[in-house]
Amino acid sequence: MKTLALLLLLISSSFSPDSILGKWTNADKSKELILAKNGDTYTGTSEGKEILQHLVYNNGSYTGKVFLPKRNQTFPCTITLKGDDTMEITVKAGFMSQTKVWTRIK
């Protein structure tokens, strides 16, 4: 059990806050998201619109807001890197949440 906890700690600490930077695509490759640093926060742009806003890195994940253009609404989100080339974006709306997997474009 201690070995598993140590392994998880090493994996989560192997990412720097800037590991999120770059181009990402969704599961069906229909959307592209460019993550950039903006001062002390991170933003994500798709088709010229700032979709991910005010992302702050803390303890291995990023918290901020996601703007959904189809709904014209902003919701809280959490992003977790699952490897160098995979991230999960979880959007929360009230009691419901939805997680999507994105892959780095190389």
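## Terms and model

A salt bridge, as the word is used here, is a side-chain nitrogen of Lys or Arg within 4 Å of a carboxyl oxygen of Asp or Glu. With that cut-off in hand, D85, R104 and K106 turn out to be linked in a network of salt bridges; we will come back to them below.

This is a predicted model, in which local features need pLDDT of at least 70 and side-chain atom pairs count only at pLDDT 80 or more, while totals for chains, interfaces and linings use all residues. Residues are numbered from 1 along each chain as its sequence is written, and side-chain values use heavy atoms, with hydrogens and water left out.

## Strands β1 to β3

Let's start with the strands, which, like the helices, are DSSP runs numbered from the N terminus (H or I over at least four residues for a helix, E over at least two for a strand). Two strands count as paired if DSSP finds at least two bridges between them. Strand β1 covers residues 22–26 and strand β2 residues 32–38, and four bridges pair them in the antiparallel sense. One position to look at is G22, which stands opposite L35 in β2. Five residues separate the strands in the hairpin of β1 and β2, where K29 takes a positive phi near 60°.

β2 also pairs with β3, again in the antiparallel sense, over five bridges. Here K37 stands opposite Y42 in β3. The hairpin that β2 and β3 form has two residues between them, and G39 in the turn has a positive phi of about 70°.

## Strands β3 to β5

Moving along the chain, strand β3 (residues 41–46) pairs with strand β4 (residues 49–58) over four bridges in the antiparallel sense. T45 has E50 in β4 as its bridge partner. Two residues lie between β3 and β4 in their hairpin, and E47 in the turn has a positive phi of about 50°.

On to β4 and strand β5 (residues 61–68): they run antiparallel and are joined by five bridges. Q53 stands opposite K65 in β5. In the hairpin of β4 and β5, with two residues between the strands, the positive phi belongs to N59, at near 55°.

## A salt bridge from K37 to D18

Searching the whole structure gives three salt bridges. One of them joins K37 and D18, whose closest N and O atoms are 3.5 Å apart. K37 lies in strand β2 and D18 in the loop between α1 (2–13) and β1, so the pair ties together parts that are 19 residues apart in sequence.

For accessibility, buried means under 20% relative accessible area, exposed over 50%, and partly exposed in between (1.4 Å probe, protein chains only). K37 is partly exposed at 45% relative accessibility, and D18 is partly exposed at 33%.

## The network at D85

Now back to the network. D85 forms a salt bridge with R104, with 3.3 Å between the closest N and O atoms. This pair links distant parts of the chain, 19 residues apart: D85 sits in the loop between β6 (73–83) and β7 (86–93), and R104 in strand β8 (residues 96–104).

D85 forms a salt bridge with K106 too, the closest N and O atoms being 2.8 Å apart. K106 belongs to the segment after β8, and this pair links parts of the chain 21 residues apart. As for accessibility, D85 is partly exposed at 24%, whereas K106 is exposed at 81%.
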